[in-house]
Amino acid sequence: MMRPALLAFALAALAWVLVVGDLVRRHRPAWHWYLVGYPVAVFRVVVTWRKVAMLNDLAVSRRPSRGLLGDLMVKGDPLRPVAPRFSFPRATRMGLTVIVRLHAGQTPATYLKAADAFVHAWKVHAVRVTSPERGLVLLTATATDPLERPGLATAPAELLSALIGVMESGGAWVMNLRLVPHWLIAGATRSGKSTLLARLITQLAPQRVALVGIDCKGGMELGLFAGRLSALATCRREAVAVLSALVGDMQDRMSVCRSAGVRSIWELPGKLRPVPVVVLVDEIAELYLSDGTRESKAEAEQCSTLLLRLAQLGAALGLHLVVAGQRVGSDLGPGVTALRAQLGGRICHRVNDPGTAEMTLGDLNKDAVAVAQAITAEERGVAVCTGPDGGWSRARSHLTATDEAVATARKYSGMTPELPAIDRALAVLEGDGK
């Protein structure tokens with residue numbers, strides 16, 4: 001009688017553990033990771049380390065103390081591969097880190113090639129390889145894809161700072177224009193680029209910031225937020241007028257700073273400080289493409305020169321650029337390459353060609369280019385972004401519905417600053433058109 005009762009009790013206990021464990025895994029994934037996932041992952045790391053090191057040329061063979069004397073083997077001790085020394089795996093919120101000490105002559109490149117081997121041996125989602133200092137390699141493993149079901153991250157509200165989404169580390173993805181003044185955003189159709197721009201506008205709308213839109217697709221994208229935009233250019237002629245007015249305003253700000261003996265508007269007293277301006281450019285290629293006519297070429301050259309001047313000189317004067325496009329390549333002209341060099345912040349969604357990913361991230365990190373090219377069509381909103389420290393990470397923007405973004409723009413339309421110089425330039429352009 002006791003054995004069936006014990007068996008039933010054991011099965012009931014097992015079922016309870018499985019059910020509770022599944023609930024914890026779904027609703028408290030971090031708890032499940034620390035209690036179950038992390039110990040199992042540590043066991044796999046320790047058990048498989050030597051074998052993975054040997055199979056992927058990470059181990060170094062030590063020669064015996066005696067070798068050959070002529071053609072005669074004096075001592076036949078076998079060569080013994082020695083795996084690199086590694087630290088005990090340290091738990092992170094949804095993964096672990098391992099510090100490896102390189103053998104003499106080794107480089108981190110060997111570990112980069114072995115990253116997939118670590119993924120399969122440890123049964124984790126991804127392993128990222130970095131080198132924090134000479135002679136060391138840091139292996140960062142993530143147990144599951146944190147961007148598959150991202151939670152709502154939080155970040156303190158600051159002027160010119162926007163909470164965009166969540167990083168693959170679980171932290172907040174923030175675009176801080178005070179730290180990184182200019183940004184380049186690349187992404188194919190339906191990759192999440194427009195959603196990111198909408199998110200950025202909804203985050204900046206409640207702030208004392210002037211938003212200027214340049215959307216040469218007739219204003220189809222940025223026109224939705226016209227109530228919160230201080231100005232909107234819907235064709236290249238208007239873009240030239242708006243950019244020219246901003247460059248003129250930049251000169252005025254320089255004069256104010258020079259008279260006050262300061263190097264940026266942020267050192268000016270509050271009463272003298274002009275309002276910051278964020279210029280949002282949707283589809284940068286429309287500003288650079290030309291139909292071959294003299295007028296078209298002149299407009300493209302003007303846009304290139306004006307954007308470059310704003311990027312080079314605008315950061316300290318409160319003028320910021322956020323440039324987006326489906327296709328960003330050197331074939332658009334040398335002006336695009338020069339502009340890219342001034343846009344320190346980079347965001348690359350899924351793209352249709354390797355050249356755009358290379359143009360967006362290639363001058364910063366080759367590994368980031370490969371990761372960006374691996375983003376699939378199903379991963380809408382996922383991107384590779386750079387940070388203030390010069391590193392890069394996968395991230396996903398919070399889904400901001402169009403209706404929500406439009407409602408937010410209307411709600412804060414009363415906070416829209418006036419930019420008289422742009423209004424005058426557009427009025428003159430309209431008068432000339434008539």
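Over residues 31-49 the chain is 100% helix and 0% strand, and the C-alpha atoms at the two ends are 26 Å apart. In an unreviewed UniProt entry, these residues 31-49 carry the annotation "transmembrane region". Keep in mind that what you see here is a predicted model.

Let's move on to a sheet. Four strands form an open sheet in the order β5-β6-β8-β7, with antiparallel pairing. β5 (90-92) and β7 (126-130) stand at the edges with a single partner strand each, so one side of each has no neighbour in the sheet. Direction ignored, neighbouring strands here are turned by 25° against each other on average. Now look at β6 (residues 95-101) and β8 (residues 136-142): these antiparallel strands are joined by seven bridges. If you want a spot to find on screen, try Thr 97, whose bridge partner in β8 is Thr 140. Helix α4 (residues 115-122) packs on this sheet and touches β7 and β8, and its direction makes about 140° with that of β7.

How many of the six residues of strand β14 (residues 277-282) are buried? Six of the six are, so the strand is mostly covered. In a regular strand, side chains alternate between the two faces of the sheet. In β14, Val 277, Val 279 and Val 281 are on one side, Val 278, Leu 280 and Asp 282 are on the other, and all of these are buried. β14 has parallel partners, too. Strand β12 (residues 210-215) pairs with β14 over six bridges, and Asp 215 stands opposite Asp 282. Strand β15 (residues 319-325) also pairs with β14 in the parallel sense, over six bridges, with His 320 opposite Val 278.

Next up is a stretch that UniProt, in an unreviewed entry, lists under "binding site": Gly 187, Ala 188, Thr 189, Arg 190, Ser 191, Gly 192, Lys 193 and Ser 194. Gly 187 sits in the loop between β11 (183-186) and α5 (193-204). Is Gly 187 buried or exposed? Its relative accessibility is 0%, so Gly 187 counts as buried. Beyond its neighbours within four places in sequence, Gly 187 is in contact with residues including Lys 193, Gly 325 and His 349. Ser 194, on the other hand, is found in helix α5 and is partly exposed, with a relative accessible area of 33%.

Finally, salt bridges. A search of the whole structure finds six, and three of them are shown here.

| Salt bridge | Closest N to O distance |
|---|---|
| Glu 168 and Arg 128 | 3.7 Å |
| Asp 282 and Lys 217 | 3.5 Å |
| Asp 249 and Arg 253 | 2.8 Å |

The pair Glu 168 and Arg 128 links distant parts of the chain, 40 residues apart: Glu 168 is in the loop between β9 (161-167) and β10 (172-176), while Arg 128 is in strand β7. Glu 168 counts as buried at 18% relative accessibility, whereas Arg 128 counts as partly exposed at 26%; the cut-off for buried is under 20%.

Asp 282 brings us back to strand β14, while Lys 217 lies in the loop between β12 and β13 (229-233), so this pair ties together parts that are 65 residues apart in sequence. Asp 282 is buried at 2% relative accessibility, and Lys 217 is partly exposed at 26%.

Why are Asp 249 and Arg 253 separated by about one helical turn? Because they are four residues apart in helix α6 (residues 236-260). Asp 249 is partly exposed at 22% relative accessibility, but Arg 253 is buried at 5%.

Conventions. Residues are numbered from 1 along each chain as its sequence is written. This is a predicted model: local features need pLDDT of at least 70, side-chain atom pairs count only at pLDDT 80 or more; totals for chains, interfaces and linings use all residues. Side-chain values use heavy atoms; hydrogens and water are left out. Two strands pair if DSSP finds at least two bridges between them. Axes are lines fitted to C-alpha atoms, for helices over the stretch in contact, and angles run from 0 to 180 degrees between N-to-C directions. Contact means heavy atoms within 4.5 Å. Buried means under 20% relative accessible area, exposed over 50%, partly exposed in between (1.4 Å probe, protein chains only). UniProt positions are given in the numbering used here, feature names are shortened, and annotations may be inferred rather than shown by experiment. A salt bridge is a side-chain nitrogen of Lys or Arg within 4 Å of a carboxyl oxygen of Asp or Glu.
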